[in-house]
Structures are given as structure tokens and as C-alpha cells.
Amino acid sequence: MSTTTSTDSRARGKAPAGERVADWADGRLGIYSLAKANMRKIFPDHWSFMLGEICLYSFIIIILTGVYLTLFFHPSMNEVEYHGSYVPLQGQLMSEAYKSTLDISFDVRGGLLIRQIHHWAALVFLAGMFVHMMRVFFTGAFRKPREINWLFGFLLFVLGMFTGFTGYSLPDDLLSGTGIRFMEGAILSVPIVGTYISFFLFGGEFPGDDFVARFFSIHVLLLPGIMLGLVVAHLILVFYHKHTQFAGPGKTNKNVVGMPLLPVYMAKAGGFFFLVFGVLAAVSAIATINPIWSIGPYRPDMVSTGAQPDWYMGFSEGLIRVMPGWEINFWGHTLVLGVFIPLLIFPLVLVAIAVYPFIESWVTGDKREHHILDRPRNAPTRTAFGVAWITLYFVLLVGGGNDIWATHFHLSINAITWFVRVAFFVAPVVAFIVTKRICLGLQRRDKEKVLHGRESGIIKRLPHGEFIEVHEPLSQEQLYTLTAHEQPKPLELGPEVDENGVRRKVKAGEKLRVKLSKGFYGEESQIPKPTVEEYKEITSGHGHH
Amino acid sequence: MKKLSARRRHPLAALVVLLLALACTGGLYAVFAPADKAQADETAQSLTIEEGKKLYTVGCASCHGTGGQGTSDGPSLVGVGAAAVDFQVATGRMPAATSQGAQVPRKKNIYSQAEIDQLAAYIASLGAGPAVPTEEQYGPEGADAAKGGELFRNNCAQCHNFTGKGGALTHGKYAPSLEGVTPKHIYEAMLTGPQNMPSFPDSTLSEQNKKDIIAYLDAVNGEDTESPGGLSLGGLGPVSEGLFAWVFGLGALIAVAVWVAARTAKAKKS
Amino acid sequence: MSSQDIPEENLPAAQDTSHGAVKLADEQNPFADPGLPPHEPRVQDIDERAAKRSERTVALLFTVSMLATIGFIASYVTIPVDKAVYIWPIGHISALNFALGMTLGLALFCIGAGAVHWARTLMSDHELADERHPIEASPEVRAKVMDDFRQGAKESVLGRRKLIRNTMFGALALFPLSGVVLLRDLGPLPGTKLRHTLWSKGKLLVNMNTNEPLRPSDLIVGSLTFAKPEGLEEHDHGFQTEIAKAALMLVRIQPDDIKDKRSLEWSHEGILAYSKICTHVGCPISLYEQQTHHALCPCHQSTFDLSDGAKVIFGPAGHALPQLRIGVNDEGYLEALGDFDEPVGPAFWERG
């Protein structure tokens, strides 16, 4: 519709109401230009591209249910005597925070459901982010131009961990209080300033009267505020970069193939929000989470066995459990290495995966934009690194649950701890080597498939009595998909002498880079993909089956 | 023997038994009539001890020694009291297998209660120790479950978990789950401290305290204990919750995502 | 090191032969991109009855959602909040929680399922391709921006007037300090607070269970008892903070079995009083194995040998549990002979 006709129709007052509202908004917000770029934006279809949506929606659900919970929760550590509906706690002393959580669970109709949705959604949110991050990692979707969005996502994961930690600490129950105590001990281990930070955080000695109120504002305001901003930025960048896609016929680095936002993705993504919410509501109807009434109110002199944090903090729990108890005393000071080293490794484990994209781009020297995803097997070194990292993460998770493993598999807790101590160093290396081998094997199989076709399962007997399996040649779509990936050559050190015969100085960084590049792209790290010549030779030699 | 069992099935057997029972009751009354009570008690007691000693010699002496003095295979039983015997034997822990792991597990009990009482009487005769508690001591009357909860969290939860689901100790030992353990046995365990469990004698954990703890356990880990929020996932806390969130929460959502993103079936070419 | 010096020939040739150019099967290159496959219709595209069925399914899902919402409201109004119900295989659960969760879940799930089914079966499923455009600006745009920036920077005279620049950076760097200073009153300074507990000479050891002072005869060999200092009551303000340091674990071991000499000296007839707070990160440690005399921390599995001065024998704790020196007063009650001689709980920098 041209401007003149729309002006005309507006003048005549005949345009439908919706259009008039849109016109009004466009005059003030310029929504038409925005819609032009985005309304029919194309999104590719793949289930793994929806993992991020699971996170987004569970985040929204957490905010909605969280706001409801704040209406009833009292973030106060005043000690009160309980006289509510839960009999096995009658007359017990507890903080108001704990009491109001009991009231939400037993006296507010639907309060228990909302509490459980909030907590289950938080666990799923973090699990979703973990899987989403791994999807991005293993397909190489973090490459240029998406490195910054990778970092945004990583920050969301880390902030999510701490938002979760401050959240489950709020009810001031015996389990979460034990976690807070652990946090206090970890802070105390920080050299020089640790004691001061602890006193400032808790308003004095542990536990004091302040931390619930302080954690409350961190949990409902500070961290979610930052996260909301990051989520918006993350989404804007997804729109701006357009989504990545897997290699396939018609899919190139310069286009994106899929369905338009309006109507298909509006319905699919919008519908998916309700599906996620629906599943979480059903889970919350079926399974209980954090039943604080059976855990009891916090007392610093009480504890229960099986004291673990929520799963996303589990790897830090593993670190602290398997660390030997090193402690150095000197000049009237104590260096608590047994606690401080795990406290340092904790961020390092996370940072290791966060900086990988930058290391890879430095090693490969690749500065081009990438919009076609890698199949994990076609990037064996990256895949192997990712699997090694996941292995380390899960070894530590096992360490964090060593007592539960011990009781449920009839093992010795000491043996598990020793196993984790060894596996911490050995398992990632083994995982790296094994994964790389598997990737190369899969590459070989792909090559085989391209050159000799797919095994059809049909056995044919040749005239001279030999049995052969008939191989079906692949379609051109399949041939293209299996050979579309790139195989860069490793970097080489330049000649040792320059054109004037003067010895060139080779920096150590350069040498390292060449070495790493060999690790990424050397003969050991990729199977040369079939060439057109190879293919023609074999197909013409074989004739037709 | 055969004759006897054949006669037992005779229609008149019930009548005979009834008459015998009546006669016995009368006779027993005569025997236990207040005047001679003390002496009669003594006789009955020594009879029970005799029986217990026989059972002991067959089932226990090989490890604990012929006089309960203990050997390298089993501790001395002098002074452990009847409560310890009742707990160990009735929960099937004793007699233990000759080669057990880190800890003697609970298993099926092979003695009748009468036999256990005889054994207990024999062991109690070796040296004074805690007696088997009565229903009055561990029953629910006059118990305060909430106070019991506080006591449980202070004294018991560190090994047995918040609601008594059990937990790990060093080198493969464990604090067992308290699910389905009778109040009497819980009382006896607190009183006597079986295996590596420390004891909580009445002087430090009063009778009322024990009663409260038992009432609490019944409230949070009994047969009809309510789990308002749904499946309790073993009552193990965040580990099982995390596993559930991954497998059923995220798992279900990924299954849904696969459906949302899948291509719709194409019409078959004809 | 810059990465721009990577020789171009090491990077693979650009893969994207512009799309559309290789629509027909390429005799020369069997691996060439055949282009987007042609669209194939779904059943719903060619059979109106199938489309009608889809429409009805979607409408049914939306209707079920409406019913479920009505069910949600009805459950909220009719089911008492404390009503329990047995549902196989879940167990005894809250009827209201289950009803609300299931109806809410169903209502939401059906909306989502309806929308997705609608999108999958009735909306157009023609695959479309969007062109991508490079994110980087063209060299002209880049040059223009650079020029503009230089012009602006020049006009600001910031580069020339160094005094302005330096003082401005100084001001900007300093003012956040106000924010840091404001955090000072978050808490008091540590002082020596972590070094002292409520225990002092003459304080009776009060049984946590019965709230009565303890006598040596109350504790038998193999027993485990927790004590607090006399005068500290649960209802006191600051109880939590005090008990976090003062909590005491009492065990009785045959004096012959006590290996550590100082430990034996500080005990009373084999009654040993150790801090209940783990020296690792402060969990109350009290998983006492009376046969091995080991105490295990339930949080991180530090293991202490209570018969040997509570030395660490396994796990991440760095030093032994502090022991409280105890004796008996004239009336025969157990009393402390002073405070702990070292800080209890987790180690910290100033602990020394």
C-alpha cells in the first residue's frame, strides 16, 4: 500500500481499527521499518535450535512465579515460634523467612504449586542452558560473528547459577543454611580480605540477622535485572545475526533456509512457551522439590547427611569434597589452600569453556563469518575438547554426590573420593583421546558412504557364487551434505631465513600456534574428504549395481 | 510325633486344648499366687535363662564365646543388656554371617520373639544392662513430634538424613534407613548404640526425648506420611531432584521440541 | 600477535558458490549443491478432509484447555488446602496441589499443542530462504565513521587540552569510591570475634537435649552428647550466632584408648569435649562412629580421629577439631576450664 492511498483511506476513516492503531504506533515508534525486517524473518527448523527457547521460557516462568512468591514471602530472620498447619514443627523456633515459606506451602492455596514450578523451572533453566551451550559449542555456532553472543550466554549461565544459589538459600532451612555456611567458610579462606568480606556480607558473625534480606534483594533484583538485560541483548543478537543452519542442499553461508516468523514461528515458538509451562506445571503437580518442612529450620549446630547444593552447584561441591586438606601457617597467618584452591578452580573450570572460541579462532587464524554449522565429527579437536570438559564436569558432579553414590551403590565413600581425585586428571585426557578417535572413525565412515554408497542390507549372489551386499549410491543431496564441510590445512612456520638470508626470529607464540594448528588440522586430526576424482574413479570402475 | 500331629486335627482337639488351657491357667494362678510370687518368678526366670543359654550355645557362642566373654570374632556381651539382644536378633543383624562387609546388615530374623526373649534373659544375666523397653516407653501417648524433630536434627539427622532415609559413613559403613523399623527397635538402638552408632543413654537423651523422636519419625517417615508436593524422590534432596529435572523435566521438554521442529509428514506420491 | 598475517591459501576456498547457480545436477562436480529441494505437499495441502481433521484437532485442543482452566478454578474453590489424597503411584499427596498443577499443566499444554499442530499441518510449509548480509560495514561507511569520529574528537579539544583530560579521568576514577565507602557499614570489623566463644572458666556443660547440666556419670563409654554453655537459651537474641561457635560434642572413650597425651589431659575420665563445628568450612560434624572413634563430616567427608586429638585422617579439613578443656566442679557437674585455646570453625587468614 502506498503512502498516498493509506493517507487517503485514513482521511476517509475507512481503514480497519487494527491498521489505524498500527499507523498511530508507527508514527511514534517506527514499527513498520522494524516489522519489515523481522515479520517474515526466516528461522531454520531443528529441534536443537529450540533448546535456547526452553531456557528463555523457563526464565519467563521463573519471573512470573517469582513475583507471585514475593507477595507472600517475608525476607526476615526474626525468630518466631511456629503455630501453623504443619504439625511436626509446632512450637519450633524459626526465622520468619522459613515460616512464611511454610505458609506459602501449606496455607496459601496454590502456593505450593507456584513454589514448586519456580524451583523446577530453575533446575530446568540451568539444565537447558547447559545443553544449549553444548549444542552451540559442538556445532561451532560460536564462531564469528557470534562470539559476543556466546559470552552473553555464558554469563547468563554463571549468573543463573548464583541466582539459583541465592534463591534456594532464602527459605533459611537446614539444608540451604548448610550451603550458606559452606559459602562463609569459602569466603573466609580468601587471603587477607576474606574475614572482612564475610563480616560485611553477613553483617557480622555467621549467621547474623541480615543475610536473608540481603540475599533477597540480590536474588529478586540485582541478578535477575542483569540477566534480563543480557537475555534481551542475546535475543537481539540472534535476530541480528540470523540463525545458523546445518549444511544441506540449498543452504549456504549466505542464506538462511526455513520458515517465516509470521505465521509459522509465531505459532511454533509461542506455542512452545505454553508447552514448556504446561510440562513444568505437570512436573510440579507430580514431584515435590525442596520440601523444606521435612528439612527443618536452620540451626548452625545441626546438619543432615546428604547435604548437597542444587545440581548446577554440584561440580563446585565435588571440587571441595575431593581436595586434600592443605593448610599453611606462617607469620601468624593461615593460608587455607584446601578451600581456596577449589575456590579458584571453580571459576577456571567455567572460564575454560568460555574462552575456547577465542583460542580456536587464534589457532586457526580464521576470521571469516560462519553461518553453516559443523557436524561435531568434522571438528574432532573441538569435539574432543568439549567432551573432555563435560567429562571433567560430570566427574566433579559425581564427587559432589559421593555420599549418595556410596549408599546407593554400596561403595566406600573414601574409595569414591580417591576415584574422583584420580579421574579429575585422567578422565578428561582419556575422553579427549577416545572422542577424537571416534570422530575420525565417523569421518572415515562418511567417506566410505560417499564413495561406495549406502549399505542397503540386500545381499546379492554373483554368478560365480560370491555374495556381496548391494550398496546404493547416495543422492546428490546426500553427497553434497556429506562433503560440504571445510578442511583447512594446518599453519606452517615460515622459512627460517628471510629473502635476504637473515635468520628470522620465530616467536614462541608463533611456534605454539603452529603446533596447535597441527593438532586441529594435521593428518592426525582429519580424514581427507573424498575428492571428485576419487568418486569418479570408483563409480566408473564399479559400473552400476 | 506323627500321632500327635494327627490327633491335633481331630474335631475335639480344640475342646481339649481349651480345657487344657483352662487347667493351666488355674494351675498357673495357683503357682503365681501373690504369696509365692517372688520365688515363682525366680523359677520362671531361671528356666528362661536356661533356655536362652541353650539357644546361645547353638547360635552365638562360636563368635561371642561360650560365656559371652567375646572372642576375636565377636565382642563381649557382658553388660550389653537385653535391649541390645532384642535389637540385634530381632532385626536379623545377629547372628551375622561369618564374613560380612564393612558392616552387619539388617536381614530376615530367624528367631521367634519368645526365643529372643530367652536369649535376652540369658545375656542380661551375664551382667546388668539396658532392659527391653515397654510399649509405654516408645508408644505415641504424650509424645511431642515437633520437639522430637528438633532432637532428631540435633542427634540423628547427621547420619540418618532429615527424615531417616539413611546415609554414608567412612569406608563403606552406613547409617541405615529408618523406614519400616519398629518404634521398639528404634528405642533400643538409641539406648544401646549398635555397631558404630553411638549410644544415647537415658541420662543424656531422656525417655521422653526418645519418645518424641519416635513420634517425629512416625510423622515424617511412617507408612501414611504425606508428601504434599508429590513424589518425594527418595527424600534425598538435591541430587535426586537434579536427576529428575534432567531426565523428566528437560527430557520431556526436548521430546516436545523434537515434535515441534519435526517436518510434517508429506503426502505419499502416488 | 595479529592473525591477519595468515596466508590466504591456507584457508579453504569459499564454499558458497552462490546459491541457485547449481540447480541442475552437475556432471563435472557430483558433490555440487543441488539447491533447495522442490516443495512436497502434505496430506493437508491436497486433501481437504485431512485439513478439516487437523482443524478439528486444533479446536479440540483449545477447547480442552478452556475446560482445564475451568477445572483449575473449580479445584481452587472446592478443594480444601489441607486435603490429602492417595494417588497411585505417587503416594499420599496434597489433593489441591495435584489438581491445580494438573489442570494448569493441561490448560497450558493444550494451548501450545494446538498452536504447534496448527502451524505444522495448516500453515504454509514452503521453505523460504533469506539472504544474509555481511555484518561488517563497507569500507566507505567505515571511512566515514572514522572521519566523523576524528572530527568530533578534534572538536572536543580533548587531545590538546591534556589538563582537562587528566582531571576528568581523575574525577571519574575517584567518584565510585563513594559507593565503596558506603558499603562500610554492612558489618562490623572482625576484630577478635572469631577467636572467642561463650565458653569460659567455670561454665557448666548443659545437655542440649534435656537442658540440664551434665555430670560425668551421665556419659557412658560409646555415647554421644551435645552440649552448650550454661546460660545460652534458644530464645535469646543472638543464639544462632553464639551456638555457631560454642556447639560442643561430648564423647566418652576408655582412657586407655586415648592416644594423644594432651587430649587425655584435657579430658575428664575419658570424657572428651570437641568443637562440633568442622574446621573445614563449618558444618556441624558429628557422624561419630563409636567403635572406630572416627567422626565424619556429612558435608565434605573430613574425618577426624577423636581418640587421637581429633586429628584429620581423611578429607579436605586442614587441622584438628579444637578441644575444650573440661573438669568437674564442687557439685560434681562438668564445667569448662576456659575457652577454646584456638579459634573454632573454618580457618581464616588471621587465624595463624
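This report describes the nonpolar core, selected helices and strands, and two chain contacts of a predicted model.

**The nonpolar core and helix α6 of chain A**

The largest nonpolar core comprises 272 residues. Within this core, the residues with the most contacts are A:Val124, A:Val276, A:Leu280 and C:Leu248. The element that gives the most to the core is helix α6 of chain A, residues 111-138, with 18 residues.

A:Val124 touches residues of two chains: A:Ser58 and A:Leu280 in chain A, and B:Ala245, B:Gly249, B:Leu250 and B:Leu253 in chain B, leaving aside residues up to four places away in sequence.

Helix α6 of chain A also packs against helix α11 of chain A, residues 261-286. The two axes lie 9 Å apart, at an angle of about 120°, and the crossing of α6(A) and α11(A) is right-handed. From α6(A), the residues that take part are A:Leu113, A:Gln116, A:Ile117, A:Trp120, A:Ala121 and A:Val124. They meet A:Leu280, A:Ala281, A:Val283, A:Ser284 and A:Ala285 of α11(A). By class, this contact consists of nine nonpolar and two polar residues, with no charged residues.

**Buried elements of chain C**

Helix α7 of chain C, residues 239-246, is mostly covered, with six of its eight residues buried. The buried residues of α7(C) are C:Gln240, C:Glu242, C:Ile243, C:Ala244, C:Lys245 and C:Ala246. Their cover includes two strands of chain C, β5 (224-229) and β6 (248-252).

Strand β7 of chain C, residues 271-275, has five of its five residues buried. Which residues of β7(C) lie on each side? C:Ile271, C:Ala273 and C:Ser275 are on one side, whereas C:Leu272 and C:Tyr274 are on the other, and both faces are covered. In a regular strand, side chains alternate between the two faces of the sheet.

**Strand pairing**

β7(C) pairs with β6(C) and with strand β12 of chain C, residues 323-324. A further pairing joins two chains, with strand β5 of chain A, residues 255-260, set against β3(C). The table lists these pairings with one pair of facing residues for each.

| Strands | Sense | Bridges | Facing residues |
|---|---|---|---|
| β6(C) and β7(C) | antiparallel | five bridges | C:Leu250 and C:Ala273 |
| β7(C) and β12(C) | antiparallel | two bridges | C:Tyr274 and C:Gln323 |
| β5(A) and β3(C) | antiparallel | four bridges | A:Val257 and C:Ala129 |

**Contact between chains C and A**

Chain C contributes 91 residues to its contact with chain A, and chain A contributes 109 residues. On the side of chain C, the elements that give two or more residues are α3 (95-121), β3 (128-131), α7 and β11 (311-314). The largest share of that side, 18 residues, comes from α3(C). Sorted by class, the side of chain C that touches chain A holds 56 nonpolar, 23 polar and 12 charged residues.

**Contact between chains A and B**

How many residues does each chain give to the contact of chains A and B? Chain A gives 56 residues and chain B gives 49 residues. On the side of chain A, two or more residues come from each of α6, α8 (174-188), α11, α12 (292-295), α17 (402-409) and α18 (413-452). This side of chain A divides into 34 nonpolar, 18 polar and four charged residues. Both α6(A) and α11(A), the helices described above as packing together, are thus listed on the side of chain A that touches chain B.

Conventions. Residues are numbered from 1 along each chain as its sequence is written. Chains are lettered from A and ligands numbered from 1 in the order in which they are written. This is a predicted model: local features need pLDDT of at least 70, side-chain atom pairs count only at pLDDT 80 or more; totals for chains, interfaces and linings use all residues. A nonpolar core is a set of buried Ala, Val, Leu, Ile, Met, Phe, Trp, Tyr and Cys residues joined through C-beta atoms within 7 Å. A residue is buried if 20 or more other C-beta atoms lie within 10 Å of its own, exposed if 12 or fewer, and partly exposed in between; C-beta atoms are placed from the backbone. Two residues are in contact if their C-beta atoms, placed from the backbone, lie within 7 Å. Axes are lines fitted to C-alpha atoms, for helices over the stretch in contact, and angles run from 0 to 180 degrees between N-to-C directions. A crossing is left-handed if the near helix is turned anticlockwise from the far one by less than a right angle, and right-handed if clockwise. Ala, Val, Leu, Ile, Met, Phe, Trp, Tyr, Cys and Pro count as nonpolar, Asp, Glu, Lys and Arg as charged, and the others, Gly among them, as polar. Two strands pair if DSSP finds at least two bridges between them.
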